[in-house]
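Subject: A structure for you to explore

Hi,

Here is the structure I promised to hand over to you. Please open it beside this email, so that you can find each place as you read.

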Amino acid sequence: MTEQAAFQHVTVLLNEAVDALAVRENGIYVDGTFGRGGHSRLILSKLGEAGRLVVFDKDPQAIAVAQALAEQDKRVSVVHNGFATFQTALNELGINKIDGALFDLGISSPQIDDGARGFSFRYDAPLDMRMDTTRGMSAAEWIAVAQEQELHEVIKNYGEERFSRQIARAIVLQREESPIDTTGKLAKLVAQAVRTRERGQDPATRTFQAVRIFINRELEEVKAVLPQVVARLNEGGRLAVIAFHSLEDRIVKQFIKQYSTHAPLPKWAAIREADLPQPPLKAIGKAVKPSDEEIRMNPRARSAVLRVAERTSGVFEQDA
C-alpha cells in the first residue's frame with residue numbers, strides 16, 4: 001500500500017449529511033471540518049455558479065488540499081483556523097447570513113494513520129496530537145508540566161477513564177525520571193496503570209482520546225460554534241453535525257433540544273404552550289447512524305451520529 005493510499009479518508013455519512021443540508025442552488029454554505037473534502041465536493045456539486053462554500057480546518061495538510069480545491073473552484077473560500085472562529089471569519093469574508101453548515105467532528109483517518117502526528121498508540125512517534133501543528137502546546141509539552149490533579153481530571157472527564165488517578169500518578173512518577181515524549185512511552189505507561197480493559201480495546205484508548213480532546217479544545221470549540229451558526233442561518237437554513245463519541249453528541253443533542261423546545265409550563269400559567277414564541281430551531285428527524293453496509297466498508301464509522309436542525313423565524317438571542 002502506498003503512503004498516499006494509507007492516508008486516505010473515507011467520508012462518513014456522506015450522502016446523509018449533505019442531503020440533510022437541503023442545499024439551495026445559489027446558497028452560501030460552511031463546511032466547518034474540511035478534512036480531505038468529501039462533504040465539500042458533494043456540496044459543490046449541488047451548488048450553482050452563484051453558490052458559495054466556506055471551509056475551515058486547523059490541519060495544515062487538510063488546508064493544502066482545500067487551497068488546491070479553491071484554486072480550481074472560485075466558489076470556495078478557505079479558513080485555516082478552528083471553527084470556533086466562525087463569526088469572525090465570516091465577517092472577514094463579508095458574509096452576513098448562510099444557508100447551512102456541516103461539522104464532521106473529531107479526528108480524521110489521515111491524522112490517525114500518519115504515525116508522525118502522534119495521535120495513535122499503534123505507532124511509536126513524537127507525542128504531538130495537535131490538529132494544527134503550527135501553533136499551540138503539544139501533548140508532550142502539556143504532560144511535562146501539568147499538575148497531577150489536572151492530569152486526572154482531563155483523563156477522567158474527556159476519556160471517561162475509571163483508572164484516571166492511577167494513570168495521572170504514574171505519569172508524574174515517570175516524568176521525574178525521564179520525559180514522556182513519545183506515543184510508545186505513554187501507551188506503555190498507561191498499560192501498566194490500567195488493571196482491566198474492555199475486550200478488544202487497547203488500555204491506552206481512553207487516555208489518548210482524552211489528551212487529544214484537551215489539547216485541541218474540541219469540546220469547547222463545539223460549544224462555542226453552535227450558537228454562532230444559529231445566529232447566522234437564514235430561515236430554513238440547516239445545521240448538520242456528525243459526532244463520534246458521547247461527549248460531543250451530548251453537547252449537540254442538548255443544544256438542539258434547548259433551542260427547539262419550550263420548557264414545560266407550570267399548571268398555573270395563564271398562557272398556552274401553543275401561544276408561546278416560536279423557538280429558533282426545529283429538530284429535523286431522528287439521529288441518523290451509519291448503515292450496516294457503511295460500517296462494514298468503514299469500521300471507523302461505527303460510532304458516528306448525525307443530528308440536524310433547521311432555523312425557524314423564531315428570535316435567537318445572539319442573532320447577527
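Below is what I found, starting with the whole chain and then going place by place.

**The whole chain**

Please keep in mind that this is a predicted model. The chain contains 14 helices and 7 strands. It has 320 residues, and 52% of them count as buried. If you look at contacts between residues at least 6 apart in sequence, 69% of them join residues at least 24 apart. The chain exposes about 15700 Å², and carbon and sulfur atoms supply 50% of that area.

**Strand β5 and its partners**

A good place to begin is strand β5, which spans residues 233-243. How many of its 11 residues are buried? The count is 8, so the strand is mostly covered, taking buried to mean under 20% relative accessible area.

Strand β5 is paired with two other strands, β4 and β7. Strand β4 (residues 98-104) runs parallel to β5, and 6 bridges join the two. To find this pairing on your screen, look for F103, which stands opposite V241 in β5. Strand β7 (residues 305-311) is also joined to β5 by 6 bridges, but here the strands run antiparallel. For this pairing, look for A243, which stands opposite V305 in β7.

**Helix α10 and its two sides**

Next, turn to helix α10, residues 183-193. Its buried residues include T183, L186, A187, L189, V190 and A193. Why can we say that they lie on the same side of α10? Because they cover an arc of only 165° around the helix axis. K188 and Q192, on the other side of α10, are exposed. Among the elements that cover the buried residues are α7 (139-145), α9 and α11 (205-215).

**L151 in helix α8**

L151 is part of helix α8. With a relative accessible area of 0%, L151 is buried. Which residues does L151 touch, leaving aside those up to four places away in sequence? They are W142, I143, A146, A168, I171, V172 and R175. L151 and I167 are 16 residues apart in sequence, and their C-alpha atoms are 8.3 Å apart in space.

**E161, a buried residue in a loop**

Helix α8 (148-159) is followed by a loop that leads to α9 (164-177), and E161 sits in that loop. Is E161 buried or exposed? Its relative accessibility is 2%, which is why E161 counts as buried. The side chain of E161 reaches the backbone nitrogen of F163 at 2.9 Å. Not counting residues up to four places away in sequence, E161 touches I155, K156, I167, V194, R197, P203, R206 and T207. You may remember I167 from the distance to L151 above.

**Two residues with a positive phi**

Here is a backbone detail to look for. Most residues other than glycine have a negative phi. M129 is not a glycine, yet it has a positive phi of about 70°. M129 is in the loop between α6 (109-113) and α7, and it is buried, with a relative accessible area of 0%.

R217 is not a glycine either, and it has a positive phi of about 50°. Where is R217? It lies in the loop between α11 and α12 (218-232). R217 is partly exposed, with a relative accessible area of 46%.

**Positions marked in the UniProt record**

Finally, the unreviewed UniProt entry carries a "binding site" annotation that covers G37, G38, H39, D57, F83, D104 and Q111. I looked at two of these positions, G37 and G38.

G37 lies in the loop between β1 (28-31) and α3 (38-46). At 0% relative accessibility, G37 counts as buried. G38 is found in helix α3, and it counts as partly exposed at 23% relative accessibility. Leaving out residues up to four places away in sequence, G38 touches T11 and L14.

Have fun exploring!

Best wishes

Note on methods:
Residues are numbered from 1 along each chain as its sequence is written. This is a predicted model: local features need pLDDT of at least 70, side-chain atom pairs count only at pLDDT 80 or more; totals for chains, interfaces and linings use all residues. Side-chain values use heavy atoms; hydrogens and water are left out. Helices (H or I, at least four residues) and strands (E, at least two) are DSSP runs, numbered from the N terminus. Buried means under 20% relative accessible area, exposed over 50%, partly exposed in between (1.4 Å probe, protein chains only). Contact means heavy atoms within 4.5 Å. Accessible areas come from the Shrake-Rupley method with a 1.4 Å probe; for residues, only the protein chains shown count as cover. A polar contact is a pair of N or O atoms within 3.5 Å; within protein, one must be able to donate a hydrogen and the other to accept it, and residues adjacent in sequence count only if both atoms are side-chain atoms. The arc is that of the directions from the helix axis to the C-beta atoms. Two strands pair if DSSP finds at least two bridges between them. UniProt positions are given in the numbering used here, feature names are shortened, and annotations may be inferred rather than shown by experiment.
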